[in-house]
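Trainee: I should like a close look at one part of this chain, namely its helix packing. Please describe how the helices there meet and what surrounds them.

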Amino acid sequence: MKLLFLNHNVRGRGTYVRAFHLGRELVRRGHEVVLVTTSERARWTVREEEVNGVRVVEMPDLWWGPARTGWDPYNTIRRIRRLRASSFDVVHAFDSRPAVVLPALRVAAECGAPLVMDWADWWGRGGRIHERSGWLVRTLFGPVETWFEESFRSRAAGATVICSALGERLQGMGYPDERILRLPNGCVRFDDMPSRSAARASLGLAASTPLLVHVGRIMRPDLALVKDALAQALQQVPALRLVFVGATGLPAGETSGPGLSTTGFVSERELQQWLFAADAGILPMLDTIGHRGRWPGKLSDYMSAGVPAIVTRVGDVAGLVEQHGAGWVVRPDATSLANAFVEAVRALDRHERGAAGRTLAHGALSWCSVAGTLDAFYGQVTNDWKAAA
């Protein structure tokens, strides 16, 4: 099949990663995949290249920096013009902002292909836009976000959702359950895995340092939870270190303090060294609508590296870690999290818990396996689409 993926993120970030890995594995299964995304900087020029068999098309956008998130009419129009007269067997819209859903509807109608819509974040109705934005943005922009998030879902022949909360929300909107596929994020396979001691030596860390890591962005309320928990844990383990690896989305001063430090942006190689050096990776989430409606990619990083995860009991990921013994699952409060920090760095079964996560990463949650499930779903959607025509 010839598949069109549309994504609003800047290349390499957010849902682009989900779309790219799925596309790469579908190419390996014999399909042709075109992935349209947003350029990080270009304002006028379209850039196109093939990456692991996926045709990646970067579209220009008139906004700048973090504002390049799928709302630019110019980006939307350029996509529609670029895809005019193209033919695809399935059009898959990864989320529903204008730069994605409007070209997706147009292309699907023009070439008579079924539309599939992916839902990977709970933005409106008390979701992430309310948690991450100031009063003015969430008051003026929140209704617009919600309208685009919900209004076009019923026009899709099939839907993929990243977690059960979004599946239930979609069902609540009247969408048939039999046309919904629960599709979590997958995991990459790290082929070159240094030992814990080698990774620590390369980072200049002592072998005996109790080390926790947090990968990627964190929201201020969750950071406050972590700081409270770390302050309690340091009373029992004074040598404990917690390192934020990669861009946190916050000023460095906010993610530093006693026992706490941040690396800033790191290369893929250095990220892996921190993961292999760690005693555990943390995934602290307060119990919010936004967190219930997502699947944090950092859990995939922890499992791929065989690092046990400390997860608060929020959303589907907590159930996954608990069911497979891939770490520790605790209540989303500072004392419970602090106890988990201490238990993790003292645990004698860390290796077994990390190995349980890696087994998932190499098996049921590998991108290869997740894409295989999506491939079968495309077959079902296409057959139903043709039967209904």
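Mentor: The account below begins with the chain as a whole and then turns to the helix contacts.

The model is a predicted one. Its chain carries 16 helices and 14 strands. The radius of gyration is 21 Å, close to the 21 Å given by the globule rule for 389 residues, so the chain is as compact as a globular protein of that length. Along the principal axes, the C-alpha trace spans about 65 × 45 × 40 Å. Of the 389 residues, 55% are buried. When contacts between residues at least 6 apart in sequence are considered, 67% of them join residues at least 24 apart.

Helix H10, residues 268–277, is a suitable starting point. This helix is mostly covered, with seven of its ten residues buried. The buried residues of H10 are Leu271, Gln272, Gln273, Trp274, Leu275, Phe276 and Ala277. Their cover includes two helices, H8 and H12 (297–305), together with the strands E9 (211–215) and E10 (241–245).

Consider H8 first. This helix, residues 196–203, packs on H10 at an angle of about 125 degrees, and the two axes lie 8 Å apart. An angle of that size makes H8 oblique to H10. The crossing of H8 past H10 is left-handed. On the H8 side, the contact is formed by Arg196, Ala199, Arg200, Ser202 and Leu203, and on the H10 side by Glu270, Gln273, Trp274, Phe276 and Ala277. Sorted by class, this contact of H8 with H10 comprises five nonpolar, two polar and three charged residues. Among its members from H10, Gln273, Trp274, Phe276 and Ala277 also belong to the buried residues of that helix.

H12, part of the cover of H10, has a further partner in helix H15, residues 350–362. The axes of H12 and H15 are 6 Å apart, and the packing angle is about 105 degrees. That makes H12 roughly perpendicular to H15. Met303, Ser304 and Ala305 of H12 meet Gly357, Arg358, Leu360, Ala361 and His362 of H15. By class, the H12 contact with H15 holds four nonpolar, three polar and one charged residues.

Strand E10, which also helps to cover H10, leads to another helix pair. The loop between helix H9 (220–236) and E10 contains Val237. Val237 has a relative accessible area of 11%, under the 20% cut-off, and is therefore buried. Leaving aside residues up to four places away in sequence, Val237 touches Pro210, Val342, Val345 and Arg346. With Val342 the separation along the chain is 105 residues, yet the C-alpha atoms of Val237 and Val342 are 6.9 Å apart.

H9 itself packs against helix H14, residues 334–346: their axes come within 8 Å and cross at roughly 50 degrees. H9 and H14 are therefore oblique to each other. H9 passes H14 in a right-handed crossing. From H9, the contact draws on Leu225, Val226, Asp228, Ala229, Leu230, Gln232, Ala233 and Gln236; from H14, on Ala334, Thr335, Leu337, Ala338, Asn339, Phe341, Val342 and Arg346. In this contact of H9 with H14 there are ten nonpolar, four polar and two charged residues. Val342 and Arg346 of H14 thus appear both in the contact with H9 and among the residues that Val237 touches.

Technical notes:
Residues numbered from 1 in each chain as written. Predicted model: local features only at pLDDT ≥ 70, side-chain atom pairs only at ≥ 80, totals over all residues. Heavy atoms only, no water. Axes fitted to C-alpha atoms, helices over the stretch in contact; angles between N-to-C directions. Helix = DSSP H or I, 4+ residues; strand = E, 2+ residues; numbered from the N terminus. Parallel < 35°, antiparallel > 145°, perpendicular 65-115°, else oblique. Left-handed = near helix turned anticlockwise from the far one by under 90°. Contact = heavy atoms within 4.5 Å. Nonpolar A, V, L, I, M, F, W, Y, C, P; charged D, E, K, R; others polar. Rg over C-alpha atoms; globule rule 2.2 N^0.38 Å. Buried < 20%, exposed > 50% of the residue type's maximum accessible area, 1.4 Å probe, protein only.
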